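User: I'm new to reading protein models and would like a close look at one part of this one. Could you walk me through it slowly, in plain words?

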Amino acid sequence: MALLKSGWLWRQTAILKRWKLNWCDLWIDGSLCFYKSDRRRELEQRVSLKTTCIDVRSGLECGGVNPPESNPRENLVVVHLREGSTLNLCANSEDESLAWKLTLLETRRNPVFAYDPYDDSYQAVPMNGYHTVYITPGAGPGTHQVIVQRDPFDGVAESVALGLLAGVAAGAAMRSFLWMPFFFC
């Protein structure tokens, strides 16, 4: 899976409301992951932005949140989640907090588009943890080719269920025809 943005962020804990310095990764599927170190060995928290994020605010828009010591209010980033809770973050500078806000908003809203040469159109591909994404340099300057490999067993459950339903319907129809000779005798 492709990494969109990573870096050190201050994160306020949910229970004690203390600020902790965490390594943060934002993945292309919208997962915001917090680790204890930049080695990414111990995952502390994972937030799916595509399903739980409502709004992202930064700087002076963040009312009611006090930043950690020696950090101004302009460095704050607040992510409002669907269940009514908030994820309070603090970047190292005002520019970095604005960059995190814009990246979080873009990740929450924008799907990945893949080019379909048969229809000569771009189609939105919903991303999740089961897709493999490869990003390679494109033909021209500043262009990239995104290749999304879907899970090969993605549609298996639907086809099995449809096959079972068709089998039950065919069995019921066949059973009714077997009783027909007894009714004419």
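User: To start with the setting, what percentage of the 185 residues of the chain count as buried? After that, please take me to strand β6 and its surroundings.

Analyst: Happy to. Keep in mind that this is a predicted model. Of the chain's 185 residues, 30% count as buried. The chain has 4 helices and 11 strands. Among contacts between residues at least 6 apart in sequence, 37% join residues at least 24 apart.

Now for your strand. β6 covers residues 76-81. Of its 6 residues, 5 are buried, so the strand is largely enclosed by the rest of the structure.

Who are its partners? On one side of the pairing list is strand β5, residues 53-58, which runs antiparallel to β6 and is joined to it by 5 bridges. If you want a spot to click on, try Arg 57, which stands opposite Val 78 in β6. The other partner to look at is strand β7, residues 86-90; again there are 5 bridges, and β6 and β7 run antiparallel. Here a good spot is Val 79, whose bridge partner in β7 is Leu 87.

β6 and β7 also form a hairpin, with 4 residues between them. In that turn you'll find Gly 84, which has a positive phi of about 95°. Follow the chain back from β6 instead and you get to the loop between β5 and β6, where Ser 70 lies. Ser 70 has a positive phi of about 65° although it is not a glycine. That's worth a second look because most residues other than glycine have a negative phi. Ser 70 is exposed, with a relative accessible area of 76%.

The end of β6 gives us a link to a helix. Leu 81 and Thr 51 are 30 residues apart along the chain, and their C-alpha atoms are separated by 9.0 Å. Thr 51 belongs to helix α1, which spans residues 49-52. With a relative accessible area of 47%, Thr 51 is partly exposed, and its side chain makes a polar contact of 3.2 Å with the side chain of Ser 48.

Next, the nonpolar side of the story. The largest nonpolar core has 18 residues, and Val 79 is among those with the most contacts inside it, along with Leu 32, Leu 49, Trp 100 and Leu 104. β6 is one of the elements that give two or more residues to this core; the others are β2, β3 (31-35), β5, β7 and α2 (94-109). Another core lies apart from it, with 6 residues, including Trp 19, Cys 62, Val 65 and Cys 90.

Leu 32 is a handy guide through the bigger neighbourhood. Leaving aside its neighbours within four places in sequence, Leu 32 is in contact with residues including Leu 49, Leu 87, Trp 100 and Leu 104. You've already met Leu 87 as the bridge partner of Val 79, so that brings you back to β6. Leu 32 also touches Asp 25.

Asp 25 sits in strand β2. Is Asp 25 buried or exposed? At 0% relative accessibility, Asp 25 counts as buried. Its side chain makes a polar contact with the side chain of Trp 23, at 3.0 Å. Not counting residues up to four places away in sequence, Asp 25 touches several others, among them Leu 3, Ser 31, Tyr 35 and Arg 40.

Arg 40 is another one to check for phi. Arg 40 lies in the loop between β3 and β4 (43-48), and has a positive phi of about 60° although it is not a glycine. At a relative accessible area of 34%, Arg 40 is partly exposed.

Let's finish with Trp 23. The count of aromatic pairs comes to 1, and Trp 8 and Trp 23 form that pair, edge-to-face, with 5.3 Å centre to centre and 80° between the planes. Trp 8 lies in strand β1 (residues 3-12) and Trp 23 in strand β2 (residues 19-27), so the pair ties together parts that are 15 residues apart in sequence. Trp 23 is buried, with a relative accessible area of 13%, whereas Trp 8 counts as partly exposed at 32%. There's one more ring to spot: the charged end of Arg 11 sits over the ring of Phe 34, 5.1 Å from its centre.

Terms used
Residues numbered from 1 in each chain as written. Predicted model: local features only at pLDDT ≥ 70, side-chain atom pairs only at ≥ 80, totals over all residues. Heavy atoms only, no water. Buried < 20%, exposed > 50% of the residue type's maximum accessible area, 1.4 Å probe, protein only. Polar contact = N/O pair within 3.5 Å; in protein donor to acceptor, adjacent residues only side chain to side chain. Pairing = 2+ DSSP bridges. Phe/Tyr/Trp six-rings, centres within 6.5 Å; stacked < 30°, edge-to-face > 60°. Lys NZ or Arg CZ within 6 Å of the ring centre and 35° of its normal. Core = buried A, V, L, I, M, F, W, Y, C linked by side-chain atoms within 4.5 Å. Contact = heavy atoms within 4.5 Å.
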